[in-house]
Structure formats: C-alpha cells, structure tokens
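Me: I'd like a close look at a single part of the structure below. Please walk me through how that part is put together, and take your time over the details.

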Amino acid sequence: MRSTYKTYFLLILILLSACRKDPKPAPEETETLFEPVPASSVKGVYLLNEGNLNMNKASLDYVDYTTGRYRRNIYNQANPEVIKGLGDVGNDILVYGSKLYVAVNNSNKVEVLNAKTGKRIKQIDLVNCRYLTFHNNKVYVSAYLGSVGDANSPNGIVAQIDTTTLLIERRVTVGRQPEEMAVAGNKLYVANSGGYSPPNYERTISVVDIDTFTEVKRIEVDINLEHLKADRFGDLYITSRGDYLTIQPNLYVIDTQTERIKKTFNLQTRALFIDNDRAYVISTNAQSKFAYNIINTLDETLLSQQFIIDGTQSQIRLPYGLSVNPVTKDVLLTDAKDFISPGTLYCFDSTGKKKWSVTTGDVPAHFAFVY
C-alpha cells in the first residue's frame, strides 16, 4: 500500500505464498560498524524490517551506539519460543518508557517487548493494525479492522492502550483505512486513506478529542493520505499518495489552530520525518528520480540543499524508511531495493555525507530510538 512498487508486487507475492511454507526465523547476526559512543544519551536505534505480505519475514535489527555494533534478527534470539518469529508485515515501531511496541499488520497484533532485551512482555490482538503514537502514558494504534486488501472493510479505529496494564481501554471510529497519527495540543489527528477502495479513496484527517476520545471533526485535504507528522509549533505535515496513476502524491501543511491547509509543497512525497526545525522529505519527479529535500519548518520554505550530497544517492535503488538521530543529527535512510531481498541501511552525517551502511532484513522501514 505504501507505494506503486509495492502494489505491483502484491499480486505476485499472494500467488507465491500459496506454494511456499513459512520460513524458519533466521538466527541473530552481529557486525561492527563504528567506534562506540558510550557517552551519548541515545543508546541505540531499532530498525523494523517489514518483510513481504504472507512471507512471515518481519524482523527486528538494532544499532547499538554503545558498542558500535549492528545486531540482525534480535527478536528471534530473545524469543526462541515464538515459533514463527515476529510475524507477517511489521508496519510500525515505537519505544515509550521501558517498552518497545511493534505493530505487525498481517499478523493482527501489537507486540510489546522489553526495550532493553527485546523479550516479549505481551501480545495485544488488533486486526490489521497500522501505526503507533503516544501521549500521556497511553499508546495509540490505528487499525483498518478488515482483512488485508478487503475493499468492503468497515471504517477503521484508533485504539488506546494503557502502558501499565497493556490493555485496550478505549476505541474511536475514524475514517476508512487510517494510517499515521500525530498529537497536537490535546487532539489526536489521524490520516484516513481509504487505500483498499480505489478510486473512492478517503480524503480527510479525523480530529479526535483525547479527553472524551470521540471524533469531533474531519479536515478535508486530498485523497489517500498516509504520513502525518506534527512540528513543534503544532502544524501538521501530511502526505497524499494520489491514485498511483494520474493524481500525483503531494505534501500539505495544516494549521491546527484553524484546522485548514496553510501551505502546499508540490512534492511527490514518499517519506517524511521531522526533527526540530527541519522536515526531511524523500520525493520523486516526473522522471522517477529521487530527491532528498529539506524544509525549514520555521518559515515553511524548501531549502536548496539536500540531505545527501556525496553521490551515494546514485547507489540507492528505492529509498523507503527515514529517521534522524535527535542528538547527532545523523540521517538514517533505508533502501528497500526490490522488496523481496535484504535491504540496506545508510547513515549520513548532518552535512549529507555517508558515514556507514549495512545489510538489513527484507524491506527495512521503521525506526525507534532508545535513550
């Protein structure tokens, strides 16, 4: 669902899965990447590899800044009793407090792990769960509810999980096939996609009052919404995926005071991450070439510089996951390559030059830092 490329592979993968047994979880592997940085407040970062639909190959890697080592397939090492490993299609990951939350989309579950050890604490069942965010000791999970690919799925929900009891306390109905969420003030904003039912996509953001946990409004934006991030001023940056044919992806800025579009960037956006006063955007042009843009969120201007400048971009086949180390400002970017083989994680310094790269699991996509 996240890109045209993945849509093309979906039918092929479904056919392959009919004659393919679930693979055994791979053992953990480690390798050294850099000199340790033990004094940093950021101790490491988890990388969630999605794996492909019906392949049961979601996996978890870890960059350990205190040792300089990369650990591959750590979930299986920490949880050998879980026969099928992490599961089918890892869709999002979040560290909150001492716990690590992983939404595993096609396995219909949120895994709650010890953030230090990766050991499972609990599995929370939630059909077609998608993205995670947090606020005031609660974790919020968007969920499609219907089975993967079902155009007749009901409207989706957001579930509120208490971080102490690890129980779903409340649910609120939002639009069809909700994706990313962000909190601004005391409201939860939810990107509705309607991604299973083209050409009748959704085109709204659901506004949820957190106190009452009710949907109080919808904001009209554009079709097939996906990424949604809040800057430190409370503005929302949100992407539309278009229809994969004639309507191109785009990027919008929403003022949460007026709850209206205040700025449009004509960027065919594939990935988005906001760190402090910078929005990092991976986009494509009409020739399907990738650009690595930076937006200054202070004045909402597109900067002329890009966040990769050393020529490494020519080696990246399909940029996919994106994050920024909050201390060093290093940019982490993944290359999903062909969606069926191991990807690559790249690290670029704040000037846009490559520091290191490493082979990951299949479809590396989502990051969560450990403090």
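Reply: Happy to. Two strands are said to pair if DSSP finds at least two bridges between them. S17 and S18 are joined by four bridges, so they meet that cut-off, and they run antiparallel. Please keep in mind that this is a predicted model. Its average pLDDT is 92, and 93% of the residues score at least 70.

Let's start with that pair of strands and work outwards. Ala230 stands opposite Leu236 in S18. S17 and S18 form a hairpin, with five residues between them. In the turn sits Gly234, which has a positive phi of about 95°.

The hairpin belongs to an open sheet of four strands in the order S17-S18-S19-S20, with antiparallel pairing. At its edges are strand S17 (225-230) and strand S20 (260-265), each of which pairs on one side only. Direction ignored, neighbouring strands here are turned by 25° against each other on average. Moving along the order, strand S18 (residues 236-240) pairs with strand S19 (residues 250-255) in the antiparallel sense, over five bridges. A point to look for in your viewer is Tyr237, which stands opposite Val253 in S19.

Earlier in the sequence you can follow another open sheet, where four strands take the order S13-S14-S15-S16, again with antiparallel pairing. Strand S13 (178-184) and strand S16 (214-220) are the edge strands, each pairing on one side only. The twist from one strand to the next averages 25°.

Take this sheet strand by strand. S13 and S14 run antiparallel and are joined by five bridges; Pro178 has Asn192 in S14 as its bridge partner. These two strands form a hairpin as well, with two residues between them. Gly185 lies in that turn and has a positive phi of about 65°.

Strand S14 (residues 187-192) deserves a pause. Five of its six residues are buried, so the strand is largely enclosed by the rest of the structure. S14 is also joined to S15 by five bridges, in an antiparallel arrangement, and there Val190 has Ser206 in S15 as its bridge partner. Strand S15 (residues 204-209) then pairs with S16 in the antiparallel sense over six bridges, with Val207 standing opposite Lys217 in S16.

A few side notes may help you as you look around. Ser323 is found in strand S25 (residues 319-324). With a relative accessible area of 3%, Ser323 is under the 20% cut-off and therefore counts as buried. Leaving out residues up to four places away in sequence, Ser323 touches Phe273, Asp330, Val331, Leu332, Phe367 and Phe369.

As for the cysteines, the structure holds zero disulfides. Cys129 counts as buried because its relative accessibility is 0%. Cys347 is buried too, with a relative accessible area of 1%.

Finally, a word of care about confidence. Over residues 3-21 pLDDT stays under 50, and the model has 26 contacts beyond four places in sequence for that stretch.

Conventions. Residues are numbered from 1 along each chain as its sequence is written. This is a predicted model: local features need pLDDT of at least 70, side-chain atom pairs count only at pLDDT 80 or more; totals for chains, interfaces and linings use all residues. Side-chain values use heavy atoms; hydrogens and water are left out. Axes are lines fitted to C-alpha atoms, for helices over the stretch in contact, and angles run from 0 to 180 degrees between N-to-C directions. Buried means under 20% relative accessible area, exposed over 50%, partly exposed in between (1.4 Å probe, protein chains only). Contact means heavy atoms within 4.5 Å. A disulfide is a pair of cysteine sulfur atoms within 2.5 Å. pLDDT is the predictor's confidence in each residue, from 0 to 100.
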